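These notes are for a colleague opening this model for the first time. Please read them with the structure on screen and check each point against it.

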Amino acid sequence: MNTFDCIVIGGGHAGVEAALASARMGCQTLMVTLSFDTIGQMSCNPAIGGVGKGQLVKEIDALGGEMGLAADRTGIQFFQLNTSKGQAVRSSRCQSDRKQYKLYMQAVVSSQANLSVKEDKVREILVEGGSVVGIKTADGSILATKTLVITAGTFLNGRMHMGTQITPGGRIGDQASNRLADSIRDLGFKVRMFKTGTPPRLDGNTIDFSNLDRQDSDNPPVPFSFRTPFIPKEQKLLPCHITRTTQKTHDIIRANFHLSPMYSGQIQATGVRYCPSIEDKLKKFADKETHHVFLEPEGLDTSEYYPNGISTGLPADVQQQMVHSIPGLEKAVIVRPGYSIEHGVVDATDLKPTLETKKVIGLYTAGQINGTTGYEEAGAQGLVAGINAALFAQGKEPFILGRQSYIGVLIDDLVTKGTEEPYRMFTSRVEYRLIVREDNADFRLSGLGHALGILPEKDYIQVQKKYERIAKEIEHLREVKVNPGTELDKILEDNQTAPLRQQTSLYDLLKRPQVTYDMISSFDGTLKDQGPTVIAQVEYEIKYEGFISRQKKNVEKFKHIEYIMIPANMNYEEVPGLSKEIREKLKRFAPTTLGQANRISGVTPVAISLMMVYLKKLKERKT
């Protein structure tokens with residue numbers, strides 16, 4: 001019998017990151033997927049990143065994951081979002097060449113030491129004595145393992161809907177994983193259904209772009225990965241275009257609501273609130289006369305376009321009428337119609353912060369099976385699950401990221417609060433946005449990635465040198481003083497800020513909102529030319545020093561409870577003063593730390609204080 005340290009079910013975004021992490025940490029790892037050709041497939045839109053999602057990709061990259069590098073190598077348009085706002089909410093996004101993205105990921109998987117791939121379908125999870133011991137596949141193979149990571153994506157009990165037509169499967173052309181869903185249920189997990197969807201794909205040769213708004217790539221494009229120095233000039237970039245739905249579009253959709261599986265009663269699953277179908281938009285935003293449609297190219301060697309904004313489950317003939325009612329798409333040919341999809345998810349509150357299940361030792365789940373939506377959320381979970389599976393197999397302590405990271409917030413939200421709808425990451429979910437940003441993800445997390453053995457040493461050294469330069473530059477700006485009456489006063493006045501009245505450090509001058517690093521750099525000959533990333537961080541650390549300092553104090557204020565561990569066999573009946581309701585909630589969620597318990601809805605500050613006292617006494621008794 002073949003034996004592995006870790007088996008990963010699935011080759012999507014979560015599966016790739018999980019398998020690579022485990023293998024890079026020295027574990028003999030097997031990826032089981034229906035087809036090698038679909039490893040790294042971008043099943044929906046051909047884009048990586050976005051508001052809140054770009055931060056996840058940066059953190060995946062800082063820990064040594066692959067998504068950011070893949071986006072940089074295959075990007076055909078790069079765009080910085082929220083640039084008019086503060087650095088805390090700026091997010092990166094790129095359009096990738098769909099075909100090249102998966103080929104890149106397949107090449108990485110193929111060349112990774114300690115990682116092998118088996119094309120097969122998993123029929124059963126094998127458990128003995130409450131611990132996972134292996135899997136049974138469709139070809140009859142029994143594969144033994146110390147740990148198992150399930151990243152089933154939309155394939156778990158997947159059903160695709162196009163009008164009244166229902167097709168079993170997790171993606172057009174791919175089968176559903178129904179036997180795996182049965183096996184998960186047999187282990188005591190509740191499997192419920194969530195809904196997502198995708199729009200029709202269009203032939204770009206039949207789109208009239210002449211009167212549409214054009215959206216070009218940023219110039220120069222900003223890479224996702226700190227390991228990518230720059231996007232090469234020879235890397236071809238393409239524009240996106242923007243059009244809108246019309247009243248005619250809305251009339252066509254409303255006249256066919258009865259054929260939409262979401263509104264005919266055919267689909268009972270919960271849909272995505274923040275990425276709704278066009279039918280949902282018309283129902284929920286009935287007063288809006290028009291909705292944006294972003295026409296996104298799918299690659300350099302294809303004419304296909306992804307019309308972001310008109311995801312639908314309507315019949316194919318209705319989709320054609322709808323598309324033709326949109327400016328620029330009057331003659332557009334639909335290459336493949338869109339569809340809605342239902343897929344199985346487990347209750348994320350049945351998971352530990354490591355993404356190991358509470359019911360079965362050594363079993364981990366990651367991605368859409370945990371109730372999330374999006375490549376980035378999946379990749380982040382896959383990375384954490386793969387890391388923890390490897391640590392478990394090696395007999396080491398688990399890896400848990402706190403809420404001082406986007407990945408930590410994502411996982412903590414899921415396992416502490418659960419989700420009643422597909423979960424999507426936003427910057428608004430993160431309490432400490434000023435100190436948890438895209439631009440400093442490498443500073444915050446690369447040391448952890450290196451210590452785990454995922455991030456190569458040369459890359460970690462590069463990060464250390466970068467932040468040494470930043471610290472040195474900030475200190476230098478504190479020391480350099482400038483006097484009134486110089487050319488600098490005119491520059492300040494030209495930029496609508498007061499001239500100097502006394503000797504001032506460049507550090508204090510840079511605190512002014514109107515002053516940039518470029519404005520002051522020429523006034524000291526020892527200032528070195530810095531890259532745009534370094535300059536941006538120097539500016540941000542100085543301009544927001546007071547706010548950052550206060551937020552760091554808030555982090556310290558709550559840190560004393562965040563990492564107070566709660567024993568796995570905690571008897572809440574013995575904690576004096578807890579109400580029956582709070583005891584029941586604590587038993588149900590089984591928090592691993594006092595910080596996690598503090599975020600369970602209904603658990604009061606008084607209850608946390610009572611538990612803190614009890615845990616302290618418990619520790620004293622043991623010592």
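1. S96 touches M42, P46, A47, I48, A71, T74, G75, I76, Y101, P297 and E298, leaving aside residues up to four places away in sequence. The model is a predicted one, and the contacts listed here should be read as belonging to that prediction. S96 itself sits in strand 5, which covers residues 91–96.

2. Is S96 buried or exposed? Its relative accessibility is 0%, and because buried means under 20%, S96 counts as buried. One of its neighbours, T74, is also a polar partner: the side chains of S96 and T74 make a polar contact at 3.2 Å.

3. Strand 1 (residues 3–9) is largely enclosed by the rest of the structure, because six of its seven residues are buried. Strand 1 runs parallel to strand 9 (residues 142–150), and six bridges join the two. Within that pairing, C6 has T147 of strand 9 as its bridge partner.

4. Strand 1 also pairs with strand 2 (residues 29–33), again in parallel, through four bridges. Here V8 is bridged to M31 of strand 2. Between strand 1 and strand 2 the chain passes through helix 1 (residues 13–24), and the resulting β-α-β crossover is right-handed.

5. Which strands make up the open sheet of six, and in what order? The order is 14-15-16-17-13-18, and the pairing is antiparallel. Strand 14 (213–215) and strand 18 (334–336) form the edges, each pairing on one side only. From one strand to the next, the twist averages 35°.

6. Within that sheet, strand 15 (residues 240–244) and strand 16 (residues 292–297) run antiparallel and are joined by four bridges. R244 is a convenient place to look, since the residue opposite R244 in strand 16 is H292.

7. Next, the nonpolar interior. The largest nonpolar core holds 75 residues, and the members that touch the most others are I48, V149, I387, I407 and M425. Helix 9 (residues 375–393) supplies the largest share of this core, with 11 residues. In general, nonpolar side chains tend to be buried together in soluble globular proteins.

8. I387 can serve as an example from this core. Not counting residues up to four places away in sequence, I387 touches A21, M25, F399, L452 and I454. There is also a second, separate core of 24 residues, which includes I470, V482, L506 and Y507.

9. Where does T593 lie? T593 is found in the loop between helix 18 (580–589) and helix 19 (594–598). At 9% relative accessibility, under the 20% limit, T593 counts as buried even though it is a loop residue.

10. T593 touches E562, I564, M565 and I566, with residues up to four places away in sequence left out. A polar atom of the T593 side chain lies 3.1 Å from the backbone nitrogen of Q596. As for R179, it is 414 residues from T593 along the chain, and the C-alpha atoms of the two are separated by 35 Å.

Methods: Residues numbered from 1 in each chain as written. Predicted model: local features only at pLDDT ≥ 70, side-chain atom pairs only at ≥ 80, totals over all residues. Heavy atoms only, no water. Pairing = 2+ DSSP bridges. Axes fitted to C-alpha atoms, helices over the stretch in contact; angles between N-to-C directions. Buried < 20%, exposed > 50% of the residue type's maximum accessible area, 1.4 Å probe, protein only. Right-handed = clockwise from strand over helix to strand, strands pointing away. Contact = heavy atoms within 4.5 Å. Polar contact = N/O pair within 3.5 Å; in protein donor to acceptor, adjacent residues only side chain to side chain. Core = buried A, V, L, I, M, F, W, Y, C linked by side-chain atoms within 4.5 Å.
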